[in-house]
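Colleague: I've just opened this one and could use a walk-through. Can you start me off with the charged pairs?

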Amino acid sequence: MPDQDKSKEKIQFVQRNYKDTIFHDLFSDKENALSLYNALDHTSYQDTGGLEVVTLSDAIYIHRKNDVSILFQDHLELWEHQSTQNGNMPLRGLLYFAREIEGILAARGVDLYGSRVVKIPAPDHYVFYNGLITVPERLELHLSDAFCVPREGYEWTAHVLNINQGYNKELLDACPPLKGYTSLIGYIREHQREGCGLSDAVDRGIDRCIKEGVLKGYLLRKKGEVKRMLLTEFDEERFVRTMKEEGREEGIEEGIEKEGERMGRLILRLTAEKRFRDLERAAIDRTFKEELYTQYGL
């Protein structure tokens, strides 16, 4: 039994950490979440007492949940970070919202079969994009665009906000954690363009932010964990780009799920053993990556 318990703990650790991203980790903090809420809704609330982080705990698409959901002031806001373009965000948002509401109503013991109208939080769905492909500062994606036939009166909108450096300055200035996140990702990409390997670029980006006072407290507290999450995120970006460049659009989500889970476990093993050079090589050398999968029994 003790061995089984340890095995379960290990599995849970791997699963939980692989789903984590910097965006999710940052904005699951109530102070940061309130800062982003205020920036999006042009409010100035200070008290986090009434704010609940209600992010879905289960995966719906690929290997992850929506990044952050908050319930505040009778609003249910769904926030998702994307580094690739995805036209299915309205449908994903609608499904996330339905799952969230189902849980909220169940927790409240609400009866939907009575005559009284059941009040629910008003939804908002924001997608924060920081991919490499240039997109407008703001996009509105509508669920109705996916309907097989036109149907008026039914809609869900995903508000896509480009948070790359140089875009949505007012929003970023109003939310220091979001601006710090944007700076961190921008610095890492800058160091990559200069020829640094991924691990070195991540280290330099983190150190640069700390030196400049950007997300300083957060990065000092969680430097090792932040590096692991960033290595995972950047490798996933590379994998998605490769899949698309090779024209394998059909079944891409299933492919990402299967390969992503294996790569996530491999990243955890390599970073735990400080094999950062091997991790960089695995990101570009498929044969070597397969050898590592075999070595670790993945």
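Modeller: Sure, rule up front: a salt bridge is a side-chain nitrogen of Lys or Arg within 4 Å of a carboxyl oxygen of Asp or Glu. By this rule the count comes to ten salt bridges. Keep in mind that this is a predicted model, where local features need pLDDT of at least 70, side-chain atom pairs count only at pLDDT 80 or more, and totals for chains, interfaces and linings use all residues. Residues are numbered from 1 along each chain as its sequence is written, and side-chain values use heavy atoms, with hydrogens and water left out.

Colleague: Fine. Which residue forms a salt bridge with lysine 169?

Modeller: That's aspartate 173, with the closest N and O atoms 2.7 Å apart.

Colleague: And why are those two separated by about one helical turn?

Modeller: Because they sit four residues apart in helix H5, residues 169-174. Helices here are DSSP runs of H or I with at least four residues, strands are E runs of at least two, and both are numbered from the N terminus.

Colleague: Is lysine 169 buried or exposed?

Modeller: Lysine 169 counts as exposed because its relative accessibility is 59%. The scale goes like this: buried is under 20% relative accessible area, exposed is over 50%, and partly exposed is in between (1.4 Å probe, protein chains only). Aspartate 173 is at 36%, so it counts as partly exposed.

Colleague: What does lysine 179 pair with?

Modeller: Lysine 179 forms a salt bridge with aspartate 173 too, at 2.9 Å between the closest N and O atoms. Salt bridges that share partners therefore join Lys169, Asp173 and Lys179 into one network.

Colleague: Where does arginine 138 come in?

Modeller: Its side chain meets that of glutamate 140 in a salt bridge, 2.7 Å from N to O. Arginine 138 counts as partly exposed, at 44% relative accessibility, and glutamate 140 also counts as partly exposed, at 33%.

Colleague: Switching topic: how many helices and strands are there?

Modeller: The protein chain has twelve helices and six strands. Of its 298 residues, buried ones make up 46%.

Colleague: Which residues have the most contacts inside the largest nonpolar core?

Modeller: Trp79, Phe128, Leu178 and Leu230, in a core of 54 residues. A second, separate core has twelve residues, including Val54 and Tyr96. By nonpolar core I mean a set of buried Ala, Val, Leu, Ile, Met, Phe, Trp, Tyr and Cys residues joined through side-chain atoms within 4.5 Å.

Colleague: Now asparagine 86. Where is it found?

Modeller: In the loop between strand E3 (75-82) and H4. The side chain of asparagine 86 reaches the backbone nitrogen of asparagine 88 at 2.7 Å; that's a polar contact, a pair of N or O atoms within 3.5 Å, where one must be able to donate a hydrogen and the other to accept it within protein, and residues adjacent in sequence count only if both atoms are side-chain atoms.

Colleague: What is it in contact with, leaving aside neighbours within four places in sequence?

Modeller: Asparagine 86 is in contact with Arg92 and Leu141, leaving those neighbours aside. Contact means heavy atoms within 4.5 Å.

Colleague: One more: which helix has glutamate 225?

Modeller: Glutamate 225 lies in helix H9, residues 223-245. Its C-alpha atom is 9.4 Å from that of isoleucine 22, although the two are 203 residues apart along the chain.
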